[in-house]
Amino acid sequence: MNKSLLILVLIVVALSGCVDRELDANDLKTLMANSGRDLDSYRFVTETVQEIKSMDNSTEISTLLIRSLDEGAVNLTAQNMSISTSKSASSGSEALSSKQQEVYVIRDMAKVKLDGNWSQAALQDAKYFWALQNVAEKQDMLLNSSQLVLSGSEMVGGQDCIRIEVMPDRKAYESVLFEQLGSVLPLAYMNLTELYKSSTVNWTMWVSKDDGLPRKENVNMVFSATSEMMELPDDQINDFKIGIDLNTTTLYMDYNQPLLITLPKGQRIDPIIGCACNR
């Protein structure tokens, strides 16, 4: 081999180690696990549509459509957050109800405005609550045992993101189920194993290649809940079938940007007798 050819081979070998390697699922999990360590603040917007059909002997009785919009801001360092929610329900062409809610959490206390009325309560487990608000660590925990399939790249909010198809394990499935439908279905009495087996779940996430933080998430869950799935004596339940179609999309933005969250003018956290919590 002549000298010029040898130099060329050495250059090619040297450069081959510098070519960017595409991330695989393990790389992604590591990136996401590290991204939550320095997370300080973020905002999010979540749109949810729930279609609930009740049936008797395979005959549809009614369809309930619930739409909700949540807009939130979270400051993990100060342990302050706010969420405003608007929710409406309809059956066919008939509007049934609408609800406006504001929630402010200041360290270990929650202040809630529901339909114009204010109330407050202490968090049962403030440490656990705030751990769940770290969206990067929460997603990493949910996806730790789930199967991930990387399906290309897309731009979301100006960020080059990896698109991830998630096949959730039962733990992740139950977490999403309780978060989205805990107030609609008596999940504490349901056979969640059977529910998990009979569900169709399409779960997609978009995670930034730069910092491993989630930028967008979409969950579509379709299943039927039947009386057979209820873990109660037969004489306490009636024959029923409920079809659920849940679709929720969340956008995450303004990571680690300055964020000041305060109670509305005239509102404050009142001391609770017998509570030694710091405010």
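Is Gly116 buried, partly exposed or exposed? With a relative accessible area of 48%, Gly116 is partly exposed, because that label covers the range between 20% and 50%. We'll come back to this glycine after a look at the whole chain.

**The chain at a glance**

First, a word of caution: what you have on screen is a predicted model. The mean pLDDT of the chain is 83, and 81% of its residues reach 70 or more. One stretch to treat with care is residues 8–20, where pLDDT stays under 50. For those residues the model has zero contacts beyond four places in sequence.

The chain has 279 residues, and buried ones make up 36% of them. Its secondary structure comes to six helices and 11 strands. If you take the contacts with a separation of 6 or more, 59% of them join residues 24 or more positions apart.

**Strands S3, S4 and S5**

A good place to start tracing is strand S3 (residues 80–91), which pairs with strand S4 (residues 94–106) in the antiparallel sense over 12 bridges. You can pick out partners by eye: Met81 stands opposite Val105 in S4, and Ser91 has Glu94 of S4 as its bridge partner. The hairpin of S3 and S4 has two residues between the strands, and here Gly92 takes a positive phi near 65°.

Carry on along the chain and S4 pairs again, this time with S5, also in the antiparallel sense. That pairing runs over six bridges. Glu102 stands opposite Lys113 in S5. The hairpin of S4 and S5 has two residues between the strands too, and there Arg107 takes a positive phi near 55°.

As a general point for looking at such strands, side chains in a regular strand alternate between the two faces of the sheet.

**Loops and positive phi**

Now for the loops on either side of this stretch. Gln79 is found in the loop between strand S2 (59–75) and S3. Gln79 is not a glycine, yet its phi is positive, at about 55°. With a relative accessibility of 32%, Gln79 counts as partly exposed.

Asp115 sits in the loop between S5 and S6, and it also has a positive phi without being a glycine, near 50°. That brings us back to Gly116, which lies in the loop between strand S5 (109–114) and strand S6 (117–122). Gly116 and Gln101 are 15 residues apart in sequence, and their C-alpha atoms are 8.2 Å apart in space.

Here are the positive phi values side by side:

| Residue | Where | Phi |
|---|---|---|
| Gln79 | loop between S2 and S3 | about 55° |
| Gly92 | hairpin of S3 and S4 | near 65° |
| Arg107 | hairpin of S4 and S5 | near 55° |
| Asp115 | loop between S5 and S6 | near 50° |

**The largest pocket**

How do you find empty space in a model? Rolling a probe the size of a water molecule over the atoms shows where it is left.

In this structure, the largest pocket has a volume of about 1500 Å³. Its lining takes in 41 residues, and the ones nearest its centre are Ile83, Gln133, Lys138, Glu179 and Gln180. Which helix gives the most to the lining? Helix H5 (residues 170–181) does, with seven residues. By type, the lining residues divide into 19 nonpolar, 14 polar and eight charged.

Conventions:
Residues are numbered from 1 along each chain as its sequence is written. This is a predicted model: local features need pLDDT of at least 70, side-chain atom pairs count only at pLDDT 80 or more; totals for chains, interfaces and linings use all residues. Side-chain values use heavy atoms; hydrogens and water are left out. On a 1 Å grid over the protein atoms alone, a cavity is a set of points where a 1.4 Å probe fits but cannot get out, and a pocket is an open set with protein on both sides within 12 Å along at least five of seven lines; lining residues have an atom within 4 Å of a point. Grid points are joined across faces, edges and corners, and a volume is the space filled by probe spheres set on the points. Helices (H or I, at least four residues) and strands (E, at least two) are DSSP runs, numbered from the N terminus. Ala, Val, Leu, Ile, Met, Phe, Trp, Tyr, Cys and Pro count as nonpolar, Asp, Glu, Lys and Arg as charged, and the others, Gly among them, as polar. Buried means under 20% relative accessible area, exposed over 50%, partly exposed in between (1.4 Å probe, protein chains only). pLDDT is the predictor's confidence in each residue, from 0 to 100. Contact means heavy atoms within 4.5 Å. Two strands pair if DSSP finds at least two bridges between them.
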